[in-house]
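Visitor: I am new to this structure and should be grateful for a guided introduction. May we look at it together?

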Amino acid sequence: MVRSDATIGFVGLGVMGEPMCRNMAAKSGRSVVGYDSRPDPLARLAAFGVDAATSLDQVAAEAGIICLVLPSGRHVEAVCSGPGGLLESARPNTLIVDLGTSPVDLTRELAARFSEKGCTYADAPIARTRQAAEEGTLSIMVGADQAVFVFLEPLLRTMASDVTLCGPVGSGQMVKILNNMVLVETVVALSEAIAVARRAGLDDRLLLETLSKGSADSFALRNHGMKAILTGAFPERAFSTDYARKDLSYALALGKELGVDMPGARNADELLRVASDQGYGDLYWPVVSRILDPAD
């Protein structure tokens, strides 16, 4: 088992990873070493005691727990299985934790391969916004056995206000993928409502404020609707249209594997595809509302 005082490695210090690493360093009482292809986040994190690694090999040599905060399953697979990856360099008894959103089948495959090396692999994908990452109030959905979860939970709570054991390895990814599917479909419904309201001459803010007082209220309405769609705020370096579509593709693949038809998810995926084709792929994904209301 991993030592209780093991150094923590953080691989991926982007929009979410940097504040998560900062909270881990500030609150865990552990030594933290970070690795990213860009020097800027490492320079900022140095002020919080995070040591900069120059390679994955260095992270593997120094850390007993390695957290991955990467954009997609493809990146996770490259970091783990690629040349010089963690499957080659991780020491026995290392715990690898995928905090991003990755396909369920890849998660289970990597867990089995790391187990053969005497390592443990857990999935713990995060939910909520960049602001939640800054404040340490993320929601984390964990796939691991009970003993690993008991060990891991206090560390995850340095970054999150809600940490849920969803079941064995792969279960955290499954819940996160379904979470994102429901979120995207909800934002599509909000976008449709706002488009109709605007065409009808209704005040779109009044619409959402009124919906928030009734049974249509939701996190998506108060955040993606109020803060993005109403204001037309779709910045880059937020969770992009292409990333949202990537997560939705995982949900559609899971549904296909299990024999579940998901017309709502397919419709949302098509709208995201059109948004990407129209040049919105790198913008914050609620920009999909512009497809339904081009005058926005």
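Guide: Helices (H or I, at least four residues) and strands (E, at least two) are DSSP runs, numbered from the N terminus. Please note that the model is a predicted one.

Visitor: Where does Val15 lie?

Guide: Apart from residues up to four places away in sequence, Val15 touches Arg130 and Arg237. Val15 and Glu134 are 119 residues apart in sequence, while their C-alpha atoms are 9.7 Å apart in space. As for its own place in the chain, Val15 lies in the loop between strand 1 and helix 1.

Visitor: Are Ile8, Gly9, Phe10 and Val11 of strand 1 buried or exposed?

Guide: Strand 1 covers residues 8–11 and has two faces, with Ile8 and Phe10 on one side and Gly9 and Val11 on the other. Buried means under 20% relative accessible area. Both faces are covered, and these four residues are all buried.

Visitor: Which residue of strand 2 stands opposite Phe10?

Guide: Strand 1 pairs with strand 2 (residues 32–35) in the parallel sense, over four bridges. Within strand 2, the residue opposite Phe10 is Gly34.

Visitor: In which hand does the chain cross from strand 1 to strand 2?

Guide: The path leads through helix 1, residues 17–27. This β-α-β crossover is right-handed.

Visitor: Which residue in strand 4 is the bridge partner of Val11?

Guide: Strand 1 and strand 4 (residues 65–68) run parallel and are joined by four bridges. In strand 4, Val11 has as its bridge partner Leu68.

Visitor: Which helix gives the most to the largest nonpolar core?

Guide: That core has 38 residues, and among those touching the most other members are Phe10 and Leu95. With six residues, the helix that gives the most to this core is helix 8.

Methods
Residues numbered from 1 in each chain as written. Predicted model: local features only at pLDDT ≥ 70, side-chain atom pairs only at ≥ 80, totals over all residues. Heavy atoms only, no water. Buried < 20%, exposed > 50% of the residue type's maximum accessible area, 1.4 Å probe, protein only. Pairing = 2+ DSSP bridges. Right-handed = clockwise from strand over helix to strand, strands pointing away. Contact = heavy atoms within 4.5 Å. Core = buried A, V, L, I, M, F, W, Y, C linked by side-chain atoms within 4.5 Å.
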